[in-house]
Amino acid sequence: MKRKYFFKRYSIFFCLLFLLFQVSCSEKTTEQQKIDNTISEIKIGFTVYRRDDTFIAMIVSNMEEAVKEGGQKNNIKITMNTMDAKGSQTVQNDHIDKLIEQGCDVLCVNLVDRTVAATVIDKAKAADIPVVFFNREPVKEDLERWNKVYYVGADASESGKLEGQIVVEQYQKNSNMDKNGDGKLQYVVLEGEQGHQDALLRTEYAVKTITDAGIQMDKLAGDTANWLRSQAETKMNQWLQIYGDEIELILCNNDDMALGAIDAYENTDKELPAIVGIDGIAPAIEAMEQGKLLGTVKNDAQMQSELIFELSYRLAMKEDISKNMNLVRGKYIFTKYTILKSSNDVVKE
Ligand code: GAL
Ligand code: CA
């Protein structure tokens, strides 16, 4: 009798608990439904450090595509206002004020100066507009200032390792790289902007990967060419005057600078040394196919843009990001780098 009574009592209790759970779940979905229904338009504020940077231009055009597709797929009006800071943080700060005034739902920021993220975060926080930084990574302390701040990019050290790996593989296949036969690789480095995570870490890890493989390195020169093809050509011309045929390897923090180095050689009768880049832009792939560039590492602009868009969309729709997106330490999204090889190289293997 007693057992029966208990069973009855508990089954009622569990039924009630189950009902309560169901109600709370359906309440949640209707709550999200309500938000979704009230949002008929999304405004994305987008600001870049320089729109004429080759890689950033790819991000912008892929992002425009993602916005168009996202609007059609979700049947919602999505607009993106893109501002070009042209290398000035002061201009970018003004742009950010404007985008906030215009009532954007989310701010996507490619900082000019990655050390001043705090100012941008404070402005956005005051207006309660979430921020997605991309490509130029703010320091951890800044990202921790507010819980509606994120970063989409790629792990700079990984690209350096892969760039170094291209050199190691080639050296092991073909020891002609050491042209003067002194057992060391005489090299120069064309660096990106000073203070940029991709400049510092790419150089460090490329060199480390090569020396860790037991190849001795001898640095002739290194300097910044600010990611730019023209500056790299000028720098390379100077180094060619000083070091000439001594140069056996040119490590470049990106493809545009590798192309600038090739331009410099093409104005001389000198043979091209081994040159490596990063980004995987179309002209670099072409140079690789022509045997002018040893290799490059793909920086996935398409995937980065898709992720910046998806994150921005969900933030604007007031979704729970922690549940819907695969975030690293609650804030970061990183795409993978991959080595791109010349099709000739693949055929040879
Ligand atoms: C890097 C990219 C460079 C340049 C830079 C700008 O990730 O490899 O080519 O675009 O970002 O911040
Ligand atoms: Ca040598």
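**Figure 1. Surroundings of Phe-46 in the predicted model.** Phe-46 lies in strand S1 (residues 41–48) and is buried, with a relative accessible area of 0%. Leaving aside residues up to four places away in sequence, Phe-46 touches Ile-59, Val-60, Met-63, Met-80, Asn-81, Thr-82, Met-83, Leu-99, Cys-108, Phe-134 and Ile-308. One of these residues, Phe-134, is taken up again in the third view.

**Figure 2. The nonpolar cores.** The largest nonpolar core holds 65 residues, of which Ile-44, Phe-46, Leu-190, Met-236 and Ile-250 touch the most other members. Helix H11 (residues 301–316) supplies the largest share of this core, 8 residues. A second core, separate from it, has 22 residues, including Met-177, Ile-210, Leu-249 and Ile-278. In the chain as a whole, buried residues account for 49% of the 349 residues.

**Figure 3. The aromatic pair of Phe-46 and Phe-134.** The count of aromatic pairs comes to 5. In one of them, Phe-46 and Phe-134 are stacked, at 5.0 Å centre to centre and with 25° between the planes. The planes count as stacked because their angle is under 30 degrees. Phe-46 belongs to strand S1 (residues 41–48) and Phe-134 to strand S4 (residues 131–134), so the pair ties together parts that are 88 residues apart in sequence. Both rings belong to buried residues: Phe-46 has a relative accessible area of 0%, and Phe-134 has a value of 1%.

**Figure 4. The aromatic cluster of Tyr-151, Tyr-332 and Phe-334, with charged side chains over tyrosine rings.** Tyr-151, Tyr-332 and Phe-334 form one aromatic cluster. Within the cluster, Tyr-332 and Phe-334 make a stacked pair, with 5.5 Å centre to centre and 20° between the planes. Tyr-332 counts as buried at 5% relative accessibility, whereas Phe-334 is partly exposed, with a relative accessible area of 31%. The ring of Tyr-332 also has the charged end of Arg-329 over it, 4.8 Å from its centre. Lys-331 lies over the face of Tyr-150, at 5.9 Å from the ring centre.

**Figure 5. The open sheet of strands S7, S6, S8 and S9.** Four strands form an open sheet in the order S7-S6-S8-S9, with parallel pairing. Strand S7 (216–224) and strand S9 (274–276) stand at the edges, and each has a single partner strand, so one side of each is left without a neighbour in the sheet. Neighbouring strands of this sheet are turned against each other by 20° on average, direction ignored. Strand S6 (residues 184–191) pairs with strand S8 (residues 249–252) in the parallel sense over 4 bridges. Val-188 stands opposite Ile-250 in S8; Ile-250 is also listed among the residues that touch the most other members of the largest nonpolar core.

**Figure 6. Helices H6 and H7 across the sheet.** Helix H6 (residues 156–173) lies across S6, S8 and S9 and runs at about 160° to S8. Helix H7 (residues 197–212) lies across S6, S7 and S8, at about 140° to S8. These two helices and the sheet strands belong to a chain with 13 helices and 12 strands. Among the contacts in the chain between residues at least 6 apart in sequence, 71% join residues at least 24 apart.

Technical notes:
Residues numbered from 1 in each chain as written. Chains lettered and ligands numbered in written order. Predicted model: local features only at pLDDT ≥ 70, side-chain atom pairs only at ≥ 80, totals over all residues. Heavy atoms only, no water. Pairing = 2+ DSSP bridges. Axes fitted to C-alpha atoms, helices over the stretch in contact; angles between N-to-C directions. Contact = heavy atoms within 4.5 Å. Core = buried A, V, L, I, M, F, W, Y, C linked by side-chain atoms within 4.5 Å. Buried < 20%, exposed > 50% of the residue type's maximum accessible area, 1.4 Å probe, protein only. Phe/Tyr/Trp six-rings, centres within 6.5 Å; stacked < 30°, edge-to-face > 60°. Lys NZ or Arg CZ within 6 Å of the ring centre and 35° of its normal.
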